[in-house]
Amino acid sequence: MRVLVARRRSHPIPNHDLLLGKPAREILQSIGIAVDRWPVLPVSLAVSGQFARPVPDAGYSLVDRDELCGTLREHAAGLGAEYVPDKTDRPGGHVILAGGGGHLRGRTPHSTGLTVVQRFIGAEPDGRVLLRMLAPPADEPRGHPRCAWLAPAPGGYAVGATAFGDVTPEALLDEAFAALSECEPALVNLRAAGPAVTGPLHAGFGPGVAVDEAGLRVGDAAGLVNPFTGEGLGHAMQSGQLAARAILANPDDPGDAAREYSRLLDSTYVGYFETARHVSSRYHLAWRVLNAGASSESPFFAKSRRAIVLSEAVPTLTTPESMTVPPGLRPALLPFLAACDEVSVATVRREWPFLARMFTASVDDLRPRPALGFFGAMLAGGQPPARGHATVAAAIEIATLGVLAFLGPAAAPREVRGVDWESATTVLAGDYLVGRASRLIAQAKPEILWTFSDWITELAALRATAATSGSGAGTVFSSLFEFPLRVGAHLGDAPPEPLRAYGEALGRVFLHAEDVLALSGTRTRLDVTLVGLLAGRISALPELLSIPDLTASSLTGSRLATASAAAAEEGERARKTAADALTQVENPSARRLLGCLLDSIAAPLGSGSTVDSR
């Protein structure tokens with residue numbers, strides 16, 4: 001299609017530094033732009049005075065705005081787009097608006113704010129990006145979000161800050177320096193190397209305000225700004241791709257393109273605009289979760305941090321890696337998984353919107369999840385599950401997320417005035433998710449409700465044993481992974497024993513693979529470090545090494561090598577057990593799918609392929 005890129009010169013934007021996140025880098029790469037010129041920097045997160053915690057795979061780069069815009073314009077021109085630097089009349093045809101949110105409909109004073117960034121010299125940077133979150137005071141219901149950041153720049157640092165509500169750039173920058181200096185004392189020696197650049201901020205996103213008579217609004221023009229960090233570049237690129245996809249699907253009808261764009265926005269940013277609206281309305285639940293879990297090694301809090309702060313990088317229930325599935329299985333599998341996501345999102349998006357983003361899998365990016373085991377077990381009975389069975393699979397996935405809230409180290413009892421949010425959030429989230437899952441089971445398949453309840457009771461008992469004795473983590477994960485297969489086998493009339501044996505072994509493979517990843521310093525699937533795995537009694541290492549009170553600090557030198565070898569060996573033994581169980585599954589399609597699932601879970605162990613290609 002013929003493309004015209006127009007820009008108004010009436011509001012020039014001074015050059016300044018930008019943070020380019022991993023999703024934005026991937027989009028640029030996908031359209032043929034080399035991103036290697038902008039090095040990827042490690043990211044740490046600090047919340048309200050808490051120590052800075054690494055955020056694996058966040059992958060920010062510091063880029064020069066003029067350089068980025070020039071690169072994009074040249075690339076567009078090379079692909080045939082026409083660039084008009086000063087166009088004032090409205091063009092015909094399809095229109096995409098990406099010029100800021102100054103005229104965004106439906107925005108409120110609480111969804112607007114400002115961003116400021118400035119370059120400084122006088123200190124040697126440490127090579128990382130630091131995000132410093134400033135949660136509203138617990139006793140101030142009118143408090144607004146704040147975020148400060150710093151990144152290494154030539155000769156010093158780039159320092160930025162974002163805020164919603166009434167604040168001056170000078171006051172915001174002073175607040176940012178004070179907060180960042182708590183983590184980086186060297187910042188007190190910095191001196192300005194250029195003027196501060198300030199711009200408006202709009203976070204009032206909703207699919208209803210992103211489409212109007214003017215055209216399809218993307219990025220900041222649609223209010224698509226992370227309400228916690230103020231970051232919007234990645235969302236601008238993502239929503240731009242969605243607008244292009246909607247137009248290409250409806251080249252001759254702008255009205256249909258607008259409706260398709262709204263639909264794509266609703267599914268892509270589920271859980272995002274509800275969170276933005278809660279922040280805009282001074283609703284503090286998400287802030288309390290973020291603040292309470294800032295130092296927690298619980299998988300629930302670790303995944304919640306990613307869902308809230310890095311809203312572009314959608315967290316997952318299990319592994320961050322994509323999974324290969326035989327092409328012949330995808331036509332039946334993808335609609336089923338999409339239906340699971342629809343049920344899960346509809347169930348949790350209102351009360352816990354940021355958690356809904358954990359149930360928004362891409363159809364092009366399959367990842368291991370409980371619903372795959374459920375699907376494979378039903379397929380073993382001869383037929384893929386009907387769409388109605390997606391409610392059961394969704395309930396199991398929601399319950400699994402609820403169980404994660406109770407894994408990891410327990411919050412230390414604290415005598416505080418008001419609410420102990422870390423303990424309260426753990427109970428509220430876990431009970432809420434398990435309760436909602438039980439309701440879904442009761443509505444969809446009441447005949448298995450007692451089985452579901454027995455499973456939850458079993459998990460509670462197994463977890464209590466592991467937490468008090470330091471052993472038995474393997475039985476917890478065996479139960480987590482076995483149950484979806486047990487229920488799938490029951491509903492699909494498949495022989496249950498080989499599937500249950502496979503599921504139990506798969507849980508142990510997962511646990512040992514987590515230990516292998518943690519021992520190597522690699523991001524685990526639970527987003528928990530070795531310290532957290534051992535402190536939370538969600539590691540098999542204490543049993544393998546016969547050291548009940550094993551700590552991460554004691555795993556050095558030869559003991560570290562011994563632990564790594566033992567975890568890999570035991571994981572491989574569990575993988576073989578699972579593979580042997582699969583040989584008893586008669587349906588070849590089910591065997592292939594479950595083999596792919598096993599290969600993906602076992603990947604950190606360096607195991608060979610289990611997939612039966614027959």
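## A buried charged pair

Glutamate 184 and arginine 128 are both buried in this predicted model. The two residues form a salt bridge, with their closest N and O atoms 2.6 Å apart. This pair links distant parts of the chain, 56 residues apart: glutamate 184 is in the loop between α3 (169-183) and β12 (191-192), and arginine 128 is in the loop between β8 (112-121) and β9. Asp126 belongs to the picture as well, since Asp126, Arg128 and Glu184 are linked in a network of salt bridges.

## Other salt bridges

Side chains of opposite charge can pair when their charged atoms come close. The count of salt bridges in the model is 18. One of them joins the side chains of glutamate 175 and arginine 146, at 3.2 Å from N to O. Because glutamate 175 lies in helix α3 and arginine 146 in strand β10 (residues 146-153), this pair ties together parts that are 29 residues apart in sequence. Burial divides the two partners. Glutamate 175 has 30% relative accessibility and therefore counts as partly exposed, whereas arginine 146, at 15%, counts as buried.

Another salt bridge is formed by the side chains of arginine 369 and aspartate 341, at 2.8 Å from N to O. Here too the pair links distant parts of the chain, 28 residues apart: arginine 369 is in the loop between α10 (353-356) and α11 (370-379), and aspartate 341 is in helix α9 (residues 330-348). Both arginine 369 and aspartate 341 are buried.

## Strand β10

Arginine 146, already met as the partner of glutamate 175, is a residue of β10. In that strand, eight of the eight residues are buried, so β10 is largely enclosed by the rest of the structure. In a regular strand the side chains alternate between the two faces of the sheet. Arg146, Ala148, Leu150 and Pro152 point one way from β10, while Cys147, Trp149, Ala151 and Ala153 point the other way; all of them are buried.

β10 pairs with two strands described here. With β9 the pairing is antiparallel and runs over five bridges, and leucine 150 of β10 is the bridge partner of leucine 130. With strand β11 (residues 156-164) the pairing is again antiparallel, over eight bridges; cysteine 147 stands opposite threonine 162 of β11. β10 and β11 form a hairpin with two residues between the strands, in which glycine 155 takes a positive phi near 85°.

## Strand β3 and its partners

β3 (residues 43-47) has five of its five residues buried, so this strand is largely enclosed by the rest of the structure. Val43, Leu45 and Val47 point one way from β3, and Ser44 and Ala46 point the other way; all are buried.

β3 runs parallel to strand β9 (residues 129-134), and five bridges join the two. Within this pairing, valine 43 stands opposite valine 129 of β9. β3 also pairs with strand β4 (residues 53-54), in the antiparallel sense and over two bridges; serine 44 stands opposite proline 54 of β4.

## How the strands connect

β9 takes part in both sets of pairings: β9 is parallel to β3 and antiparallel to β10. β10 in turn is antiparallel to β11, and β3 is antiparallel to β4. The loop between β8 and β9 holds arginine 128, which forms the salt bridge with glutamate 184.

Key
Residues are numbered from 1 along each chain as its sequence is written. This is a predicted model: local features need pLDDT of at least 70, side-chain atom pairs count only at pLDDT 80 or more; totals for chains, interfaces and linings use all residues. Side-chain values use heavy atoms; hydrogens and water are left out. Buried means under 20% relative accessible area, exposed over 50%, partly exposed in between (1.4 Å probe, protein chains only). Helices (H or I, at least four residues) and strands (E, at least two) are DSSP runs, numbered from the N terminus. Two strands pair if DSSP finds at least two bridges between them. A salt bridge is a side-chain nitrogen of Lys or Arg within 4 Å of a carboxyl oxygen of Asp or Glu.
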